[in-house]
Amino acid sequence: MLSLARQNEKAYLNTMSLWEYANPQKFMLVSGRALPAITVVAALCLLAGLIWGFFFTPDDYKQGSTVKIIYLHVPAAMMAINAWVMMLVASLIWLVRRHHVSALAARAAGPVGLTFTLIALATGAIWGQPMWGTWWAWDPRLTSFLILTLFYLGYIALWSAIEDPDTAADLTSVLCIVGSVFALLSRYAVNFWNQGLHQGASLSLDKEENVSDVYWFPLLVCIAGFVLLFLALVLLRTRTEIRARRLSALLARERMG
Amino acid sequence: MIALFYRDMRLAVRAGGGFGLGLAFFLLIAVLVPLGVGPEGTTLAKIAPGILWVGALLSCLLSLDRIFALDYEDGSLDLLLTAPMPLEGVVAIKAFAHWTVTGLPLTLAAPVLAILLNLPAEGFFWLVVSLALGTPALSVIGAFGAALTVGLKRGGLLLSLLVLPLYVPTLIFGAEVVKRGATGAETLTPLVLLAGITAGAAAFLPFASAAAIRINLR
């Protein structure tokens, strides 16, 4: 068994194709090696970024120290959207190439993305209260995030409602694709519907007016930390799903024999 | 296809509980909201477009699970799957039949309820136009949700959780048309966007719905 695993690893190193991960065994092997490292680096990045951001950056001249919530708010909001994009890609891969790991990864990413969305909404409310004088406003960005939350809820609910795993994977993938189109439509519809309080993008690479470098570098570290945290959580949850699948397969085999 | 349409219409009208129920629900919303908000005409006139559109949306939601569930239970959906007609066409026809028994009556009844909600007279025309253009999208999107949940025993609540977020763009543009129409502002932009959503949903969603039904009947 161990030598087979070694051979598999060699084969993986030789070919270096992305699709090698689609084999659950290889996925488990590689992700098992990578997960501790990713977790440690994510923790280091988050610790360093948050401590740097909270204690070693100056207060903003207008916003005072409340500006520092940016180190949680912006990375969480970015990852909330990126998690949905990752789910969309994984769903497409499942529908086209029928790799089970891909469907399980999409399933694993759902609750993580929902959590990031809720973090972004909560930190936004805490930031908005002193700055705008209100916890909530029907601003386009805020509203589209709330709608994104509903999309996540529906996606997760559909996964848990269907018993047959392949049917569930197929139907949630279809929902994810259709949902992406409608989420995008909602984003523009909401833009049309109301003008907002929220500032525009302040991190674009091609804009004149961006956030100052003093805040930018710790923010970059925090974003890296959130990306790695997302990766670690998704890998961990995917591994759990694969193990749960193996367990139910073993149980089914036992019942048969 | 026409035979299927007539069959669905007959089932909807004669089976009871589907045809009038949505309309009665719509009426109830138009009665309950003033009771909750208060009888001031200016307040009601201000919220009337939104209330009427949300009411139409919820009444539409009420009968969605009937699009496929009954056919799934008695096995006629399996027959339709093996019929010479493509399943996409079946879905489109069934969504159209659903619109004829829910969206169309809602559109026709809306001006009467608009009187109850004190909508300004200029808004009546735009209310009917926006509902006529927007409710087909509600039926098509709803058919997609119904197709996703057709195999589930208690899919009703899940269906509303899946479908309502998909209704957001239609609701926004539909209510915007009425709001602008009632105040005499220019209505073309939201109207065109609303029509665009309906056309796009009617063109593409039957494929997604048919795929979902095939998966569910596997």
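Okay, let's begin with a question: where in chain A is Arg98(A) placed? Arg98(A) sits in the loop between α3 and α4 (100-132) of chain A. Keep in mind that what you're looking at is a predicted model.

So, staying on Arg98(A) for a moment. Its phi is near 55 degrees, a positive value in a residue other than glycine. As for the general background, most residues other than glycine have a negative phi. And is Arg98(A) buried, exposed or partly exposed? Arg98(A) counts as partly exposed, because there are 13 C-beta neighbours inside 10 Å.

Chain B has a residue to set beside that one. Asn118(B) also shows a positive phi, near 60 degrees, and again this is a residue other than glycine. You'll find Asn118(B) in the loop between α6 (87-116) and α7 of chain B. With 17 C-beta neighbours inside 10 Å, Asn118(B) counts as partly exposed.

Let me step back to chain A as a whole. Chain A has 7 helices and 0 strands, so to speak a run of α-α-α-α-α-α-α if you read along the sequence. There are 257 residues in chain A, and 37% of those count as buried. Now take the contacts in chain A with a separation of 6 or more: residues 24 or more positions apart account for 76% of them.

How confident is the predictor here? Chain A has a mean pLDDT of 85, with 87% of its residues at 70 or more. Which element of chain A has the lowest mean pLDDT, and which the highest? The lowest is helix α1 (residues 2-15) of chain A, at 56, and the highest is helix α3 (residues 70-97) of chain A, at 93. A word of caution that goes with that: where pLDDT is low, the predicted coordinates should not be read in detail. Chain B averages 88, and 97% of the residues there score at least 70. For the model, ipTM is 0.88 and pTM is 0.88.

Right, on to where the chains meet. On the chain B side, 20 residues are in contact with 21 residues of chain A. The chain B elements that give two or more residues to that side are α7 (121-148), α8 (156-166), α9 (168-182) and α10 (188-216). The largest share comes from α10(B), with 6 residues. What kinds of residues are on that side of chain B? They divide into 17 nonpolar, 1 polar and 2 charged.

Here's one residue that shows the meeting up close: Val178(A), in helix α6 (residues 165-193) of chain A. Leaving aside its neighbours within four places in sequence, Val178(A) is in contact with Phe144(B) and Ala208(B). Why do we call Val178(A) buried? Because 23 other C-beta atoms lie within 10 Å of Val178(A), and the cut-off for buried is 20 or more. Val178(A) and Leu88(A) are 90 residues apart in sequence, yet 9.8 Å apart in space, C-alpha to C-alpha.

Next, the core. The largest nonpolar core has 141 residues, and the ones that touch the most other members are Ala83(A), Leu52(B), Ile141(B) and Ala147(B). The element that gives the most to this core is α3(A), with 15 residues. Setting aside residues up to four places away in sequence, Ala83(A) touches Ala109(A), Val112(A), Gly113(A), Phe116(A) and Phe230(A).

Two helices of chain B before I stop. Helix α3 (residues 41-62) of chain B has 22 residues and reaches 29 Å from its first C-alpha to its last, close to the 32 Å expected at 1.5 Å a residue. Where is the kink in α3(B)? It lies at Ile47(B), at about 50 degrees, shortly before the proline Pro49(B). Pro49(B) is one of the buried residues of α3(B), and Leu52(B) and Trp53(B) are among them too.

The other helix is α9(B). All of it counts as buried, 15 of the 15 residues, so α9(B) is largely enclosed by the rest of the structure. The 15 residues should span 21 Å at 1.5 Å a residue, and the end C-alpha atoms of α9(B) are 21 Å apart, which agrees. Just after α9(B), Gly184(B) takes a positive phi of about 80 degrees.

Last one, back in chain A: Arg245(A), in helix α7 (residues 213-256). Arg245(A) is partly exposed, with 14 other C-beta atoms within 10 Å.

Methods. Residues are numbered from 1 along each chain as its sequence is written. Chains are lettered from A and ligands numbered from 1 in the order in which they are written. This is a predicted model: local features need pLDDT of at least 70, side-chain atom pairs count only at pLDDT 80 or more; totals for chains, interfaces and linings use all residues. Two residues are in contact if their C-beta atoms, placed from the backbone, lie within 7 Å. Helices (H or I, at least four residues) and strands (E, at least two) are DSSP runs, numbered from the N terminus. Ala, Val, Leu, Ile, Met, Phe, Trp, Tyr, Cys and Pro count as nonpolar, Asp, Glu, Lys and Arg as charged, and the others, Gly among them, as polar. A residue is buried if 20 or more other C-beta atoms lie within 10 Å of its own, exposed if 12 or fewer, and partly exposed in between; C-beta atoms are placed from the backbone. pLDDT is the predictor's confidence in each residue, from 0 to 100. The expected span of a helix is 1.5 Å times one less than its number of residues. The bend at a residue is the angle between axes fitted to the seven residues ending there and the seven starting there. A nonpolar core is a set of buried Ala, Val, Leu, Ile, Met, Phe, Trp, Tyr and Cys residues joined through C-beta atoms within 7 Å.
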